[in-house]
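Subject: Structure for you to look at

Hello,

I am passing on a structure, with the sequence alongside. My notes on what was found in it follow below.

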Amino acid sequence: MIAAVRQILSSGGLCAAAFPGYESRPGQLAMAERIAAAIEGDERLLVEAGTGTGKTLAYLIPALLSGRKVVVSTGTKTLQDQIATIDLPRLRAILDPTGALGRPLTWALMKGLQNYVCLRRLGERDRQRSLLPSPELDRVLAWVSETATGDRADLAELPDDSSLWRDVQATPETRIGARCTYFEKCFVTQMRRRAADAQLVIVNHHLYFADLALRTQWPEAQVLPPHEVVIFDEAHQIEDVATEFFGLHVSTQRLFALARDLARAAALDAARAQSATGRLNGAAGALADALRDRLPAPRPGLDEVRVPVPENLWTGPALARYHELDGVLEEIATWLDGESDAVRESDHPAELAALGRRANAVRGDLGQLAGGRATGRGRSDVRWLAATARNVSLHASPIHVGPTLARAFDACPGPLIFTSATLTVAGAFDFIRERIGLGDSAAEVTFASPFRYARQSLLYVAADLPEPKNEAFAAAAAARMAELATLTGGRALLLFTSFKNLRVAEAYLRAKTKLPLLVQGERPRHLLLATLREKIGSVLLATQSFWEGVDVPGEALSLVVMDKIPFAVPDDPLTAARIDHIRENDGEPFSELQLPRAALALKQGFGRLIRSHGDFGIVAVLDGRLHHRAYGARLIASLPPDCPRTESLEDVAAFWARGPVVAAARARAELAARQALEPSPAEQP
């Protein structure tokens with residue numbers, strides 16, 4: 001297989017013959033060869049590939065050449081779509097004419113169920129529409145008659161927060177399988193059949209670990225088709241995603257959704273259904289109110305409160321409200337049990353039995369959350385409570401998901417490849433190995449970025465600002481951001497560790513500059529990024545979700561500013577529990593958890609700047625601890641070693657003065673070359 005990889009990626013290979021101007025990348029070829037060897041040898045392999053290596057093709061090509069059934073799991077839907085609509089069509093154009101794979105290249109894209117419309121629920125919603133016009137529902141019905149996938153990504157005009165979509169989306173709880181009258185037409189059924197037939201299946205981590213969590217408890221509940229190889233891209237996200245899916249949670253949204261679907265079940269006795277729905281809504285709302293009474297007010301700028309479950313939560317009003325809700329759920333579960341008269345005598349027994357199972361499941365989950373131990377040495381999970389203006393939720397999350405992942409990965413006998421641009425801390429894989437349960441079971445390799453950071457970038461550390469805990473820090477950081485963004489004429493991404501500091505900077509920039517500002521929360525993420533790319537000179541202010549996954553090559557982004565070292569909030573329930581767990585096992589939480597996680601986040605933030613060979617710009621960290629504290633050296637050692645550093649604003653100005661014109665020309669040339677390599681419309685799947 002290694003010879004075949006070289007035939008495709010080398011300077012005289014198939015890619016070079018197919019695309020004029022193609023340049024073979026030594027790092028990409030070496031990475032592809034190493035992954036090919038790992039697949040052939042059934043290895044587990046950790047691969048850190050610096051930005052610009054071309055890691056997607058480096059793992060896709062050996063995966064396809066292996067002839068095995070492969071699942072590629074990504075951290076984001078954006079990367080899923082890139083692989084499905086750009087990378088694989090390009091490879092098909094290269095490989096199919098040569099017969100290198102022995103058969104035509106096939107692939108399937110699988111997303112979480114909530115991305116697909118449920119035809120049964122849509123039909124119910126349509127039948128129960130009021131006499132008032134419903135343009136949004138009419139648009140969805142018209143779209144369903146035309147769409148081939150049922151994926152809401154193809155329904156661009158539907159708002160992100162559409163309540164209608166929540167009513168008609170597919171969910172694990174509402175699927176009833178082959179007993180559904182829409183089963184053959186179902187978009188989820190068709191998605192799964194395409195995946196079963198395809199050589200390569202593209203999923204995201206949320207779907208992969210949701211499926212893995214199901215299979216751990218109920219093997220027959222498998223969503224993904226049987227497969228032989230798994231490749232995790234953006235593998236640094238695995239711990240957080242797996243923690244979510246190997247945990248437990250109950251929310252008012254889940255309870256209200258059950259009540260809504262109960263009210264819409266046409267096969268039920270209307271009076272009894274209305275009574276049960278009203279009591280369920282009332283009991284769920286009453287419990288939510290009792291839980292809110294135990295919560296502090298949200299911090300300024302935050303819309304969510306997260307706290308550990310108080311020791312005495314399940315006493316007094318909260319306990320009474322829990323028992324009331326438990327009684328209502330028990331009644332519904334008994335009424336709609338699969339063997340009950342109400343279900344057996346119905347024209348729609350599968351739908352009603354599914355409602356009964358949902359009531360029983362949420363009752364069981366709530367019982368575990370209300371009855372489980374929240375504190376104590378040796379606990380394996382942390383119980384916590386969260387609330388927003390629209391939702392209250394109870395959670396039990398594993399403190400350390402590594403052992404659970406180790407058992408799950410041991411059940412996968414084939415090759416496992418883990419890759420990302422950010423897997424090492426100061427050059428070592430130790431942290432990621434321990435957090436995702438790999439121990440010493442995986443080999444490791446690093447491929448440096450081909451970008452010339454010594455020429456293309458400058459790291460500026462503002463060592464003269466107040467300490468981040470000082471009340472004067474936010475205002476001083478805002479002023480320094482304005483100074484830097486004015487120097488570069490905007491073209492900036494300002495990253496914050498809190499909404500509070502973001503609001504301070506936003507107010508200062510609006511008052512002191514005329515720079516066009518884009519602020520997280522004002523518009524959907526993809527529209528903010530599109531404006532940043534298209535309106536040169538814009539400044540985007542954002543928090544955690546923008547520290548990674550932002551790809552803005554060229555002159556539109558020339559400055560990335562991080563207000564503080566991105567340490568996790570220590571009183572977050574999960575972070576606090578992990579700190580306590582490490583201490584209880586005689587470890588040192590700062591060096592074993594907090595610092596490595598901050599290093600990876602800092603590395604991700606830094607990676608937003610240089611996205612192509614033509615890029616040029618400045619990364620600024622306004623946290624002087626990077627310079628003053630001993631641990632700063634470990635953080636800096638996680639960044640590109642050839643990137644020059646300074647604490648002088650004069651150096652920043654001199655660096656900027658010599659570069660933007662040349663960089664812009666390079667960026668335009670690279671963009672033209674990249675567009676020449678894009679697949680034609682005929683190559684789209």
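Val-71 in strand 2 has Val-201 of strand 4 as its bridge partner. The model is a predicted one, and everything below should be read with that in mind. Strand 4 covers residues 200–204 and is joined to strand 2 by five bridges, with the two strands running parallel.

On the other side of the pairing list is strand 5. Strand 2 (residues 70–74) pairs with strand 5 (residues 229–232) over four bridges, again in the parallel sense. Within that pairing, Val-72 is opposite Ile-231, and Ser-73 has Phe-232 as its bridge partner.

Is strand 2 enclosed or open to the outside? Five of its five residues are buried, so the strand is largely enclosed by the rest of the structure. In a regular strand, side chains alternate between the two faces of the sheet. Here both faces are covered: Val-70, Val-72 and Thr-74 are buried on one side, and Val-71 and Ser-73 are buried on the other.

These strands belong to an open sheet of seven strands with parallel pairing, in the order 3-4-2-5-10-1-11. Its edges are strand 3 (107–109) and strand 11 (443–447), each of which pairs on one side only. From one strand to the next the twist averages 15 degrees.

Strand 1 (residues 44–49) of this sheet contains Leu-46. With a relative accessibility of 0%, Leu-46 counts as buried. Its C-alpha is 6.5 Å from that of Ala-442, although 396 residues separate Leu-46 and Ala-442 in sequence.

Another contact across the sequence involves Lys-77, which is in helix 5 (residues 77–95). The C-alpha atoms of Lys-77 and Gly-112 are 10.0 Å apart, with their positions 35 residues apart in sequence. Lys-77 is partly exposed, at a relative accessible area of 36%.

There is a second open sheet of seven strands, also with parallel pairing, in the order 14-15-13-16-17-12-18. Strand 14 (517–519) and strand 18 (645–646) are at its edges with a single partner strand each, so one side of each has no neighbour in the sheet. Inside this sheet, strand 13 (residues 492–495) and strand 16 (residues 559–562) run parallel and are joined by four bridges. One of the bridge pairs is Leu-495 with Met-562 of strand 16.

On the aromatic residues: the structure holds 15 aromatic pairs. One of these is Phe-616 with Trp-656, whose ring centres are 6.3 Å apart and whose planes are at 45 degrees, so the pair is tilted. Phe-616 is in the loop between helix 24 (589–606) and strand 17 (617–621), and Trp-656 is in helix 27 (residues 649–657), so the pair ties together parts that are 40 residues apart in sequence. Both Phe-616 and Trp-656 are buried.

Phe-232, already mentioned as the bridge partner of Ser-73, is also part of an aromatic cluster with Tyr-208, Phe-209, Phe-409 and Phe-418. A ring also has a charged neighbour elsewhere: Arg-525 lies over the face of Phe-546, 4.6 Å from the ring centre.

How many cavities of 30 Å³ or more does the structure hold? There are six, and the largest has a volume of about 130 Å³. The lining of the largest cavity is made up of 15 residues, and those nearest its centre are Cys-118, Arg-175, Ile-176, Cys-180 and Cys-186. Helix 6 (119–127) and helix 9 (187–197) each contribute at least two residues to that lining.

Finally, two residues other than glycine have a positive phi and may be worth a look on screen. Ala-426 has phi near 50 degrees and is in the loop between strand 10 (416–420) and helix 18 (430–435). At 37% relative accessibility, Ala-426 counts as partly exposed. Asp-586 has phi near 60 degrees and is in the loop between helix 23 (573–584) and helix 24. Asp-586 is exposed, with a relative accessible area of 74%.

Regards

Note on methods:
Residues are numbered from 1 along each chain as its sequence is written. This is a predicted model: local features need pLDDT of at least 70, side-chain atom pairs count only at pLDDT 80 or more; totals for chains, interfaces and linings use all residues. Side-chain values use heavy atoms; hydrogens and water are left out. Two strands pair if DSSP finds at least two bridges between them. Axes are lines fitted to C-alpha atoms, for helices over the stretch in contact, and angles run from 0 to 180 degrees between N-to-C directions. Rings of Phe, Tyr and Trp (its six-membered ring) pair if their centres lie within 6.5 Å; planes under 30 degrees apart count as stacked, over 60 as edge-to-face and the rest as tilted. Buried means under 20% relative accessible area, exposed over 50%, partly exposed in between (1.4 Å probe, protein chains only). A charge sits over a ring if NZ of Lys or CZ of Arg is within 6 Å of the ring centre and within 35 degrees of the ring normal. On a 1 Å grid over the protein atoms alone, a cavity is a set of points where a 1.4 Å probe fits but cannot get out, and a pocket is an open set with protein on both sides within 12 Å along at least five of seven lines; lining residues have an atom within 4 Å of a point. Grid points are joined across faces, edges and corners, and a volume is the space filled by probe spheres set on the points.
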